[in-house]
Each structure stands twice: as structure tokens, then as C-alpha cells.
Amino acid sequence: MVKVRDDIPRLANGAVDIAAWSSAVATDGHDIDAAVLANAARVTAAVPEAGERYLESGLEIGQLVVGLGMDTASVAAAIVYRPVRAGVLGAAELSEALGADIAELVAAVARVATTSLLEMTNTRLQTTEARNQVDNVRRMLVSMIDDPRVAVLKLAERIVALRLAKNAPQQRRERIAREAHLIFAPLAGRLGIWQLKWELEDLALRYLEPGAYMAIAKQLDGRRAERERQIADVVVQLEAKLAEQAIDGEVLGRAKHIYSIFRKMHSKQVGMDEVYDVRAVRVLVDGIAQCYAALGVIHTQWQHIPSEFDDYIACPKENGYRSIHTAVMGPGGKTLEVQVRTREMHEEAELGVCAHWSYKDFMAEPDPYAQKMNWLRQFVDWPEETLPYSFAKGVSDELFDGLAEERVYVYTPQGHVIDLTMGATPVDFAYRVHTEVGHRCEGAKVDGRPVRLNTPLATGQRVEIVAGKFEAPDRAWLDARLGFVRTARAREKIQGWFRERPEYENSAFGITLIADMMDRLGLAHPDKEDLQQVATELGFASETELASALAVGDCQVSDVVGAMFGSASDVQLSLLPPDETSQMRRFSLEIQARDRDGLLRDVTVLLSGEGISILANSSRLDPQSGAAVICVELLLPGLQEVALILEQLSHVPDVVDVRCAAA
């Protein structure tokens, strides 16, 4: 790990030699634009105070990305990522210096960094959930990745973070390691990027189980010379045998990864001497026929162990991995693992999705390898790769329930991930957390900013519910046209709360809803005869039944307004008669609210989002109360539409009252 930084070329004063590093990368068999990398390095080095430190870690990430065969934009993004993530290098500045593609790529990787804020305990937020928290975090991470380069960059960045964590406080070190073990190593495995997967696993084990890690590392070091000699002998013997059979094969000693040894020792309850891949070689040939021919030579030369044979060429793994694995009793009666694969399979196994992918190819043609990330986002049936002794099993076997419908993954202020239906709102979120939270919901903040309760949520957002002292769900949440509720769970809970109220209370509440809307419209309250007529028109037996239906959400106040008036032709609320062609009328609304930044913007965004023409608007501060007063003139078909807009506007954060102004 130190060696990586020692390899960075430096000037006489000890500073990084940017030109030398960029030139070396571009001329080392990679199709990389050295000028772009040098520019990215200079931008990073220019960051005040910590520029040199950011540059060193950026080049370290960049070196990993280069080794995976990624494009120029990916390497440049790796170099500048750290200062952007720390907030000391702005998006506009980066876009101007390096271009929009690199700036957008860095921003996408930074969005994925949300996972660092999440709670990684393997628990369920609710006992009724089928999936645990770790599984939700995994799904959330994958759903945020729209560009395969983002996944590779994030994995490389996490490796460098783990390398640097050796000097961090223990709590931070363990958190980074646990995140890598549970989230990023499985992602690297799913993508087949074994170079990154193995280092993520080894470094995570080093911090989470330092005793076990050091014990295995010590045993590996203590017997290294003997093993290296044994492997060298095997390589010579096997290459000679292959040559005798006219098989053009290359035999390599295979790297031994501490986590892999540790996992096998633990799962099989054996010592390191009984772990077959401590001594291992890999045979590379030109074609599949030669793979099986080489396998025959190996099994003829040494006695194979039947229980340790897997043919991943005939039956590839889900991530596309192909190779033949066998274990034999090698020289001196020592177990030896041998992997046999073609050179193409080897490149694919080492680099995974990177081996057959470039960004342009991904966008241009339906290559099956280029589609691997898209498949991953749609079907995230993660393999259980965590250890039973440290993490609970039970990653759901069920198909991802978002196959027919995308899911949204947001998280609580405590870092617990919640999955919701696409289009879900803060109200849906509140009821997903707990029924009581939903019933007491008065407002919401998304990423620290107040939002309307019918605002659709997006993956990666942090949602905070503003709860009142008492349970009092809003009746308007049940009006589908207002968009407050998308999930069946929330709707059922809200309706259930209202249905549990006494009949007389619901009836009185329904009458109050009608009276309140008439007041806001500036109209007289309907009498008993009017209500009976409306009830009949809407299919209810009596005005009492109508009022109860309003209270439990089986009918909407705007429906009552529509049944009572139909259009605005008989009331004097509109400033103008209807246009002969569009039949639209001009209405004036007055909004009273607690003053805050962005209030007028939120009002106009809501209205424009509903496709409503704003003819005029004005605002002022009440000198006595200090409250804001906003007046808007709108074109609407009639009173039913006015009633709907009154309801919508009343749920803008900090709005106190909305009503029709006098004509």
C-alpha cells in the first residue's frame, strides 16, 4: 500500500511530477489522453492547503482505474474526486476546467457516497419487512448507478479509503471496513472485478478481524519460501507435460488472498494446511477444447480430489465468470488448486465488466457484457457472501419486487434505508416508518429543505418527518388528485384512522370540511336541502352519509363543489366571464404564509407543475404580523378546479391560509 505512493514520480522538491505520471500512464499500453490527466492533476493540486494530499490519493485511485482499462474521463474523474467530495472543489469550477462529462461523472460518484451516511447494522426497521437493512442499502446503491463507470470508480475509491484508514480512529476504520465487506465487495463480485473484490475483502478483514488476519498473514509469510519453491516446481512440471501434448499453455502461480483462506478455514472448520488454494496455479490456453485437454493432463499427472471440482465453463456463474476449478494431491502429497481457463476468460475474470466494456460501446450497441449493469439494476439477487459468525443470514430469496416497477430508496436521519414505490411521497415514507409517525406527520424536510407533503421522493434523499404532538392525519391526503399518497399501506392506514372515529364525529367532520371550503371560496354554506341534492347526485342516501364519506375518504370536497356548482357561471368569484373558445375564467387567490426564502418560488413551481396559467402575481409583508401575503391571478375552468388548487396550495410549507379573494 505504501509502495503505490512511493511509485509516484516526484520532482526534486518532493512534489508530484504531474507530467511524468500522466505521460507514463498514457504510454503504458493504455488509450489515455495524457493532457487531460495532467490538467485534472493540476486542478486537484491547486486546491488550497490540502491540494498535494488530495492529489496523491487521487493518483492512487486513478492508477487502479487505469489498471482496469477504463477511459480517460474515468481516470480524470478519479483524480479530482476527493476534493469534490470534500466540498473544496466546486462543480462549476470543475466543469469549466475539465468539461461537463467529467464533472457529471464525478457528481454521480459523489451521489453514491450517500451510503457512507447509512446505518450498516444488519437489522430490519420493522419486523414485518422481508429484507434486512444491509440488503436495502445494497439495492439503494445499485439503483443510484446509471453509468457503469460510476460503480468502478466507487469501488476503486473505497479501496484507497481502506488503505488510508489504517491511521484513522478505530470506530471510523471499522465502519469503513464493514461497509466494504457488506456492500462494496459483493458489488465487485457481482461485476466480476476480482482485482478489486479481493483487496476490498482482505482490507476489510484486516480491520474487522485483526487477530485472524495477522495469524494467516504470519503463516503465509513464514512458509512463503517453501511454497514459492513448490509452486515453481509445479509450473515447470506442468508446462512440460502440456508441451508434450502439444498444448500451448501458460502456467502461473496464483495469488493467495487472506480473506478467501479465512472464509474457507471458518466455513469448513479446517486449518490452513487443508485449504486447497493456499498452493495454487492457473493454466491459460487459447481455446475451450484446450481447457479440457489441459484438465486431462493435470488429472493424469496428479490424483484429483473429487469433492473439489467445479466446471464454470459448462455452467458459468451468474456474473458471467468462466473457468475450471480442480484440486489435486500435488508433489509431496500437498494439496494444490488448479484453475484452467482461456486467456479471454482470464481477462474477463480479472477485470469483469471492464474487460468488454467502454463507455461508447455501452451507449452504442447491445453487447451482453455492456448490459450487465442494467441487468444488475433490475435483478439484484445478491449472493450471500457474508460470514455466518458475524452477520445474520437471510438475504431474501424472493425476486426483487421492483421487476415490474422501479423502487425508490431513501433514508432516515438515523441512516436506515427505506424502499418505496416509485412516486412515493413523504406521507408514504412516514407510514412506511411507523403508523404513528404517519398519523402525526405535519411536514417534511428532504435533504434539510422543507417540501410539500405530496412531493415525489427520489433515490438517495434523506427524509425527515416533522411530527406533531397528536395523531391528526389530514383528510386531503386521501384525495388521489392531490397526490399525497401513492402506496396502499399509507392509504389503508389513513382511512383506518378515520373509520375508527365515532359516526357522529365523522358526520360532523364532513360537514365542517364542506363549510371550510365554502368559506375559502367565499360562498354561503349550503343548507340541508342543498346537501341532500348533492348527496343524491353523488350516489349517497343522505347528507349524513355524504358527510361520513367525506370524512373517511370515499368522497372528496372538490366533488361536492363540482356537484353544487358545476361551473362558475352562477357565482361571482371570477373576475372575467369565460372565454368563448377555452371556457376558462380568471380567479384571484390570496395566500397567507410565514415568510421564508423560496416561498414564492414554491408557489409558482406548484402552479406551473399543474399546468395552470399564472396571469399575475404580487407579494407583500403584513406590517403588523410580519406574515407574507401572496396574490395570484389564475385561469381555471371552474370552482371544482379552484377547490383542488386551494387544497394543493394549503400544503406548501409555511402556508397558513389560502382563499379566493373578493372579485
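Helix α26, which spans residues 599–609, lies across the strands β11, β12, β13 and β14 of this predicted model, and its direction runs at about 15° to that of β13. A second helix, α27 (residues 639–650), also packs on the sheet, where it touches β11, β13 and β14, and its direction makes about 170° with that of β14.

The sheet that carries these helices is an open one of four strands, and reading across it gives the order β12-β13-β11-β14, with antiparallel pairing. The edges are taken by β12 (614–621) and β14 (655–660), and because each of them has a single partner strand, one side of each is left without a neighbour in the sheet. If direction is ignored, neighbouring strands here are turned by 20° against each other on average. In general, the strands of a sheet pair through backbone hydrogen bonds, in either a parallel or an antiparallel manner. In this sheet, the antiparallel strands β11 (residues 585–593) and β13 (residues 628–636) are joined by nine bridges, and a reader who wants to find a point of reference may look at E590, which stands opposite C631 in β13.

Another part of the chain can be approached through a single residue, T326, which has its place in strand β4 (residues 324–329). Is T326 buried or exposed? With a relative accessibility of 1%, T326 falls under the 20% cut-off and therefore counts as buried. Its surroundings can be listed: apart from neighbours within four places in sequence, T326 is in contact with L295, I298, H299, H304, E308, F309, L336, E337 and V338. One of these, H299, also takes part in a polar contact, in which the side chains of T326 and H299 come to 2.9 Å.

The strand β4 also leads to G332, which is found in the loop between β4 and β5 (335–342). G332 has a relative accessible area of 77%, which is over the 50% cut-off, and so it is exposed. Although G332 and Q230 are 102 residues apart along the chain, their C-alpha atoms are separated by 9.1 Å.

The aromatic rings offer a further way through the structure, in the whole of which a search finds four aromatic pairs. One of them is formed by Y431 and W477, an edge-to-face pair with 6.4 Å from centre to centre and 85° between the planes. This pair links distant parts of the chain, since Y431 belongs to helix α19 (residues 426–433) while W477 lies in the loop between β10 (463–467) and α21 (488–499), 46 residues apart. Y431 counts as buried at 0% relative accessibility, and W477 counts as buried at 2%.

Another pair, F498 with F509, is stacked, with 6.0 Å from centre to centre and 20° between the planes. Because F498 lies in helix α21 and F509 in helix α22 (residues 503–521), the pair ties together parts that are 11 residues apart in sequence. F498 is buried, with a relative accessible area of 3%, whereas F509, with 30%, is partly exposed.

What cluster do F498 and F509 form with W497? Together, W497, F498 and F509 form one aromatic cluster. The ring of W497 has a charged group over it as well, for the charged end of R501 sits 4.1 Å from the centre of that ring. An arrangement of this kind also involves K317, which lies over the face of Y312 at 4.9 Å from the ring centre.

How values were computed: Residues numbered from 1 in each chain as written. Predicted model: local features only at pLDDT ≥ 70, side-chain atom pairs only at ≥ 80, totals over all residues. Heavy atoms only, no water. Pairing = 2+ DSSP bridges. Helix = DSSP H or I, 4+ residues; strand = E, 2+ residues; numbered from the N terminus. Axes fitted to C-alpha atoms, helices over the stretch in contact; angles between N-to-C directions. Contact = heavy atoms within 4.5 Å. Buried < 20%, exposed > 50% of the residue type's maximum accessible area, 1.4 Å probe, protein only. Polar contact = N/O pair within 3.5 Å; in protein donor to acceptor, adjacent residues only side chain to side chain. Phe/Tyr/Trp six-rings, centres within 6.5 Å; stacked < 30°, edge-to-face > 60°. Lys NZ or Arg CZ within 6 Å of the ring centre and 35° of its normal.
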